[in-house]
Amino acid sequence: YIPYQLLAGKKLYIDIAWKYGPLSQYFNAALFWLFGESLITLYVANLIILAGITYLIYKVFVEFTDRFTAVTVGCVFLSVFGMAQYVWMGNWNYVAPYVPEATHSVALSIALVFGMIQYHRVMHPKWLIMVGFCFGLICLTKIEAIVAVAGVIGAGLILIALTCDWKIQQSARAIAWLMAGIVV
């Protein structure tokens, strides 16, 4: 009900007590403003996010394995996590999450991993900016995701630096591009 209240003029953390970041609630409020206040609006948006997550999972796995394995992982993700309903209520999956922050942080985390892989492949700064941007948005969702993703970024940059034999100047440039994305 928080997106409804935001559209009605209430302010998050002032009028509405909330323990997570503001990104998901304001994103859902924007969806309501654009497409109407309805659960169908959220379901369609979450289906689109789920499709994006599945696509990125496929792209990450096809990078390191073959197509069959990537498709299998995508199908397992959809059937076990994405659309599964293990309890009588239908709000414990990606289509109808209990809290949208979990779904949004997972989507952004997988996009971040994809960006790290692409940066290692082509060494173009736009991918580090994307990684930083995803990290900045994750900081606006759930605090638990921040710790995990910071570890992914750190490990990824260390592995890239070791495999590409970076010098101090290249490492500093990479961190600067990453920070630029975070600031955005």
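**Reading helix packing and pockets**

Guide: Welcome! Let's start with one pair of helices: α3 and helix α4 (residues 67-82) pack with their axes 8 Å apart, at an angle of about 150 degrees. Please keep in mind that this is a predicted model.

Visitor: Thanks! How are two packed helices described?

Guide: Two numbers do the work: the angle between the axes and the distance between the axes. Angles over 145 degrees count as roughly antiparallel, so at about 150 degrees α3 and α4 belong to that group. The crossing of α3 past α4 is right-handed.

Visitor: Which residues make the contact between α3 and α4?

Guide: On the α3 side, look for Leu 50, Ile 53, Thr 54, Ile 57, Tyr 58, Phe 61 and Val 62. They meet α4 residues that include Arg 67, Ala 70, Val 71, Phe 77 and Leu 78. By class, this contact has eleven nonpolar residues, three polar and one charged.

Visitor: Could we step back? How many helices and strands does the chain have?

Guide: A good way to get oriented is to list the elements in order. There are eight helices and zero strands, and from the N terminus the order is α-α-α-α-α-α-α-α. Along the principal axes, the C-alpha atoms fill a box of roughly 55 × 40 × 25 Å.

Visitor: Back to α3, then. At what angle do the axes of α3 and α5 cross?

Guide: The same two numbers apply here, angle and distance between axes. For α3 and α5, the crossing is at roughly 30 degrees and the axes come within 10 Å. The two helices are therefore roughly parallel to each other. The crossing of α3 past α5 is left-handed. Among the α3 residues in this contact are Asn 46, Ile 49, Ile 53 and Phe 64, and among those of α5 are Thr 103, Ala 107, Phe 114 and Arg 121. The classes are 13 nonpolar, four polar and three charged residues.

Visitor: And how are α6 and α8 placed relative to each other, parallel or oblique?

Guide: Begin with the angle again: helix α6 (residues 125-138) and helix α8 (residues 168-183) pack at about 45 degrees, and their axes are 6 Å apart. They are therefore oblique to each other. The crossing is right-handed. In α6, the residues that meet α8 include Pro 125, Leu 128, Phe 133 and Gly 136, while Trp 177, Leu 178 and Ile 182 are among their partners in α8. This contact has ten nonpolar, three polar and no charged residues.

Visitor: Now for the pockets. How much space lies in the largest one?

Guide: A pocket can be read by its volume, its lining and the helices behind that lining. The largest pocket holds about 580 Å³ of space. It is lined by 18 residues, and Tyr 1, Leu 39, Leu 42, Pro 97 and Tyr 98 are the closest to its centre. Elements giving two or more residues are α1 (2-7), α2 (23-35) and α3 (39-64); α3 gives the most, with four. The lining has 14 nonpolar, four polar and no charged residues.

Visitor: Which element gives the most to the lining of the second largest pocket?

Guide: Volume comes before lining once more: the second largest pocket has about 260 Å³. Of its 13 lining residues, Phe 64, Met 116, Ile 117, His 120 and Ile 160 lie nearest the centre. Two or more residues each come from α3, α5 (100-122) and α7 (143-164). α7 gives the most, with six residues. The lining divides into eight nonpolar, three polar and two charged residues.

Technical notes: Residues numbered from 1 in each chain as written. Predicted model: local features only at pLDDT ≥ 70, side-chain atom pairs only at ≥ 80, totals over all residues. Heavy atoms only, no water. 1 Å grid on protein atoms, 1.4 Å probe; cavity = no way out; pocket = protein on both sides within 12 Å on 5 of 7 lines; lining within 4 Å. Points joined across faces, edges and corners; volume = space filled by probe spheres on them. Nonpolar A, V, L, I, M, F, W, Y, C, P; charged D, E, K, R; others polar. Axes fitted to C-alpha atoms, helices over the stretch in contact; angles between N-to-C directions. Parallel < 35°, antiparallel > 145°, perpendicular 65-115°, else oblique. Left-handed = near helix turned anticlockwise from the far one by under 90°. Contact = heavy atoms within 4.5 Å.
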